[in-house]
Structure formats: C-alpha cells, structure tokens
Amino acid sequence: MSQNQVQSKYHTTCRFISLALLFCLCSAFGLKAAETPPNIIMIVSDDQGYRDLGSFGSEEIMTPHLDRLAKEGAKLTSFYVTWPACTPSRGSLLTGRYPQRNGIYDMIRNEAPDFGHKYKPAEYEVTFERIGGMDVREKLLPALLKPAGYVSAIYGKWDLGIHKRFLPLARGFDDFYGFTNTGIDYFTHERYGVPSMYRNNQPTEEDKGTYCTYLFQREAVRFIKENHQKPFFLYLPFNAPHGASSLDPRIRGGAQAPEKYKNMYPHLKDTLVTKKKTGRYEFRERPDGPVIHQGVSASKRRLEYVASITCMDDAIGEVLGLLDEYQIADNTIVVFFSDNGGSGGADNSPLKGKKGMMFEGGIRVPCLVRYPAKIKPGTVNDELLTSLELVPTFLKEAAIPLPENVVIDGYDMLPVLMGKTTSPRNEMYWQRREDKAARVGHWKWVESEKGSGLFDLSQDIGEKHDLSPTHPKKLEEMKNHFANWKKQMADAEPRGPFRDY
C-alpha cells in the first residue's frame with residue numbers, strides 16, 4: 001500500500017470516528033440531526049355523513065381502520081369544508097384558499113345527464129365539464145411541496161379539469177390514476193355513459209369492470225412501496241360513498257359496493273322498487289325499448305352506501321399497514337375527512353341538513369388526524385377548524401415557507417391539535433349562488449333556499465331554534481361580517497373560470 005493510500009485510509013478512519021463521536025454527543029445531549037420532512041397522506045371520502053363511522057357514533061357501519069386512526073390520533077368534531085358539494089371543496093383543500101378567491105366557486109359538471117341525456121363524443125368535447133378547470137395561476141399543494149423533495153401522487157377523484165393544462169401532472173403531481181369529473185359508475189368507470197378514467201394525461205379503459213376502490217387501493221399501495229424511503233405526499237380521494245353516476249335508475253339511486261361487503265349487512269335488503277315516474281329523466285335499455293320504472297329502495301340505498309364505506313375502510317387499512325411495515329408511521333401525517341356533508345343513504349345526525357345545504361349537515365364533516373410524532377392518541381378537539389388549514393399545516397411541518405404574493409386563508413392547526421393553543425380561526429364563510437352562511441365564534445347565520453336563521457351552536461348544534469327574532473343586533477352583526485368577507489373576495493385578484501375579468 002502506498003503512502004498516499006495509507007494517509008487516505010487514516011483520514012477516512014478519523015472522519016468516521018469523528019462522526020461517531022458527534023452522533024454520541026448529540027444523543028447524550030438530546031440533540032437531533034436535521035429531521036426528515038413528514039410524509040403526508042390525505043384521504044378524502046365523498047359525501048360521507050357526519051355520523052357514518054364508528055368513532056363518530058355509528059353503531060351500524062364497520063370502520064375499524066378509521067376508528068384506529070381516531071384512537072391513535074385526533075378526532076375533530078368542528079371541522080368544516082368550504083363548500084357543501086364536490087368541486088369547490090376540493091379546490092380549497094389543495095390551495096388553502098376560499099373558493100371565491102381561487103376561482104372554483106361552483107361545480108364543473110354538465111346537467112344534461114340529469115334529464116337522461118347521454119352525450120355523443122363530439123358533443124361532450126365542447127361541454128363545460130370537458131373544458132372547465134382551475135385557473136392555471138393557482139399553486140396547488142404538490143407543487144408547493146416540491147422544494148422539500150416530495151414526490152406526489154393522486155389516486156381517485158380529481159374534479160378540477162380534464163384538459164392537460166388542468167390535470168394533476170400539470171399541477172405538481174408526479175403520478176395520477178383516477179377519474180376526472182364529479183362521479184362515475186363504480187364498475188364501468190363511466191359518467192353517464194362517458195368513459196372517465198385517466199392514467200396520467202391519457203384516458204384509459206384498462207381496468208373497466210373492476211370496482212374502483214380496489215384500483216385506488218392498488219395504486220396507493222404501489223406508490224408507497226416505491227417511495228417509502230423519500231418524503232411523499234399521497235392524495236387518496238375515494239369516490240365512495242358518492243352515488244353512482246349512471247343513467248340507469250336501478251343503479252343511479254345509490255352508491256355501489258362489492259357483494260362481499262354487502263353480505264356484511266344482512267339486515268339491509270338489496271331490493272328495487274317499482275316507480276311510476278323515473279324522476280327528471282327516463283331510462284331505456286334500447287332507444288326503442290320501454291321506460292324502466294324501477295329504482296333503488298331505501299334499504300338498498302343504505303346497503304350500497306354503508307358497504308362502500310366498509311370497503312373503503314379496508315383499503316385504508318392496507319395503507320396504514322404499509323406505514324407500520326416500513327416503520328414510517330411516526331413520521332407520517334394521515335388526515336381523513338369527507339369532501340362535504342352526506343347525501344343519499346347518509347346519516348348526518350345530530351346535524352341539520354345534508355350535501356348542498358348551508359346548514360351544518362352540508363358543511364361540517366367528520367375529520368381524523370394522526371401524527372404520532374406530535375399528536376397524542378385519543379385526542380378529541382372541538383375547536384373551529386377547516387380544510388383551509390391543511391395546506392399551511394403541511395407546509396409548516398415540511399419547513400416550507402408560505403408562497404409569496406399569495407393570500408392563504410388557512411392557519412397552521414397543529415398547535416391546536418397538540419393542545420398548545422386555541423384555534424386562531426374565529427370566522428368562516430360560505431356561499432353557493434344565492435345561499436349564504438357565516439360562523440363567527442359559536443354563532444351561525446344561514447340565508448338559503450332551504451331555510452334561514454340565526455343559531456347558537458354552543459347550545460343548538462342541530463340548528464333547531466332560530467334566534468333571529470330575539471337577537472336582531474346579533475343577526476345584523478353576522479350579516480355585516482359576511483358583507484365584509486364578500487368585499488375581500490371581490491377585491492381579490494380575479495381567477496377563472498367563473499369570474500369576468
């Protein structure tokens with residue numbers, strides 16, 4: 001061995017010993033090397049009722065894996081989304097901005113199928129469902145996470161635009177497999193007869209016939225196996241338990257679930273009922289065939305709904321199992337919530353209302369957060385928190401500053417979940433066309449087509465007692481708060497696709 005080789009080996013040995021001594025000293029004094037940014041898994045169900053999981057009081061639905069999240073993390077009982085239906089809610093949870101600020105403050109969907117119309121391909125290509133999308137100037141969570149080395153994927157429901165400039169890969173995601181619009185048939189993956197699944201930027205029918213929850217589960221498992229040694233963001237927006245988007249009234253009236261899971265609920269009957277009317281549309285198996293006067297019974301609606309949730313819960317269970325297997329659970333933030341209030345076969349009790357409404361049942365949703373490194377197990381938190389808090393919370397934990405020259409409407413909620421402070425949020429506002437609502441402190445004001453009133457949520461979570469006749473000053477105060485918020489939204493830099501600019 002030459003003298004240079006001996007010196008090189010000597011210096012390498014010294015360097016190794018120095019690093020070992022430094023590690024020992026750091027351990028002795030409780031110091032840590034630079035921490036790895038936490039993995040982030042955001043799981044979103046679709047139209048799930050407030051009570052429709054065991055940890056939120058259901059004695060019917062089997063959700064052992066979600067219940068495990070509640071036991072090992074925090075249950076958020078006053079958690080709100082920004083809109084009482086799909087598209088705007090999803091735009092907010094990925095931007096941290098009110099729908100009225102990020103531009104997606106109504107649905108990107110076609111209404112003709114509501115009246116039995118099946119689009120021809122060339123006709124569909126120029127509909128709003130096909131050409132609408134979130135303004136390309138908006139920065140979404142996966143793009144914001146990239147500076148910290150995150151790899152990001154989405155498997156499931158996208159709902160923010162179908163053109164390539166709107167699809168997930170153009171918004172910061174590295175991988176996408178799922179459907180692009182608001183709802184599909186769980187087996188054919190069609191939305192009212194139109195194929196809707198994509199693999200990255202390309203439409204695909206490769207898995208047609210396979211229950212879609214299984215597909216999203218398969219992709220999520222593959223992603224974690226391939227990326228568990230680096231920081232990752234997994235967005236898993238299931239379509240369960242959303243109603244199936246089929247023109248056939250024997251399907252459309254409820255969600256869909258595999259027989260295996262329906263058999264777990266023998267007290268519910270898988271039956272159809274005869275209907276003289278088929279609703280706003282009629283369905284014919286053939287253009288010249290008879291109208292089908294059958295629909296989903298109330299029992300079948302609930303059966304398909306609860307079974308689809310239990311199937312989703314099993315998929316979530318496999319994802320949680322992988323975190324344990326790779327020993328990364330402690331450094332992974334797992335968040336679960338519904339995109340809006342329950343509908344169809346849902347149970348929103350003790351809340352009033354459902355999806356589409358400004359009452360609590362349309363906008364307050366079940367939420368669970370597990371982060372073993374920082375959140376004590378079995379925590380129950382009733383602070384006012386919202387989906388606007390997700391983006392700033394994730395960025396703070398990843399040591400990424402908030403984007404410059406962008407108004408973020410949320411707050412870092414981790415100190416609240418850790419019990420260190422009360423929620424910094426005291427106000428929240430909603431608007432869907434002419435329907436309006438505001439919560440300030442424990443007061444709630446609603447003005448909508450489905451009903452109006454002033455409510456004290458600290459005493460009346462079910463919004464049963466309208467206090468506006470006896471509290472006119474408080475009513476006026478709430479309306480003034482809402483008017484101030486509206487002015488802020490109007491003064492914000494305009495975003496498409498709805499605003500005129």
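For the classes used here, Ala, Val, Leu, Ile, Met, Phe, Trp, Tyr, Cys and Pro count as nonpolar, Asp, Glu, Lys and Arg as charged, and the others, Gly among them, as polar. In this predicted model, the lining of the largest pocket divides on that scheme into 14 nonpolar, 14 polar and 19 charged residues.

That pocket holds about 1500 Å³ of space, and among the 47 residues lining it, Arg109, Asp114, Arg252, Arg280 and Lys355 are the closest to its centre. At least two lining residues of the largest pocket come from each of α9 (249-252), β11 (294-296) and α11 (298-325).

Turning to enclosed space, the model has 3 cavities of 30 Å³ or more, and two of them are set out below.

| Cavity | Volume | Lining by class |
|---|---|---|
| Largest | about 70 Å³ | 10 nonpolar, 1 polar, no charged |
| Second largest | about 50 Å³ | 5 nonpolar, 1 polar, 2 charged |

The wall of the largest cavity is formed by Ile333, Val335, Val369, Tyr371, Ile375, Leu390, Thr393, Phe394, Met413, Leu414 and Leu417. Within that lining, β12 (332-338), α13 (390-397) and α14 (414-417) each supply at least two residues, and α13 gives the most, with 3 residues. Thr393 is counted as polar because the class takes in residues that are listed neither as nonpolar nor as charged, and Thr393 belongs to the lining of the largest cavity.

Around the second largest cavity the lining consists of Asn110, Pro113, Tyr119, Tyr124, Glu129, Arg191, Tyr192 and Val194, a set in which 2 residues are charged.

Note on methods:
Residues numbered from 1 in each chain as written. Predicted model: local features only at pLDDT ≥ 70, side-chain atom pairs only at ≥ 80, totals over all residues. Heavy atoms only, no water. 1 Å grid on protein atoms, 1.4 Å probe; cavity = no way out; pocket = protein on both sides within 12 Å on 5 of 7 lines; lining within 4 Å. Points joined across faces, edges and corners; volume = space filled by probe spheres on them. Helix = DSSP H or I, 4+ residues; strand = E, 2+ residues; numbered from the N terminus.
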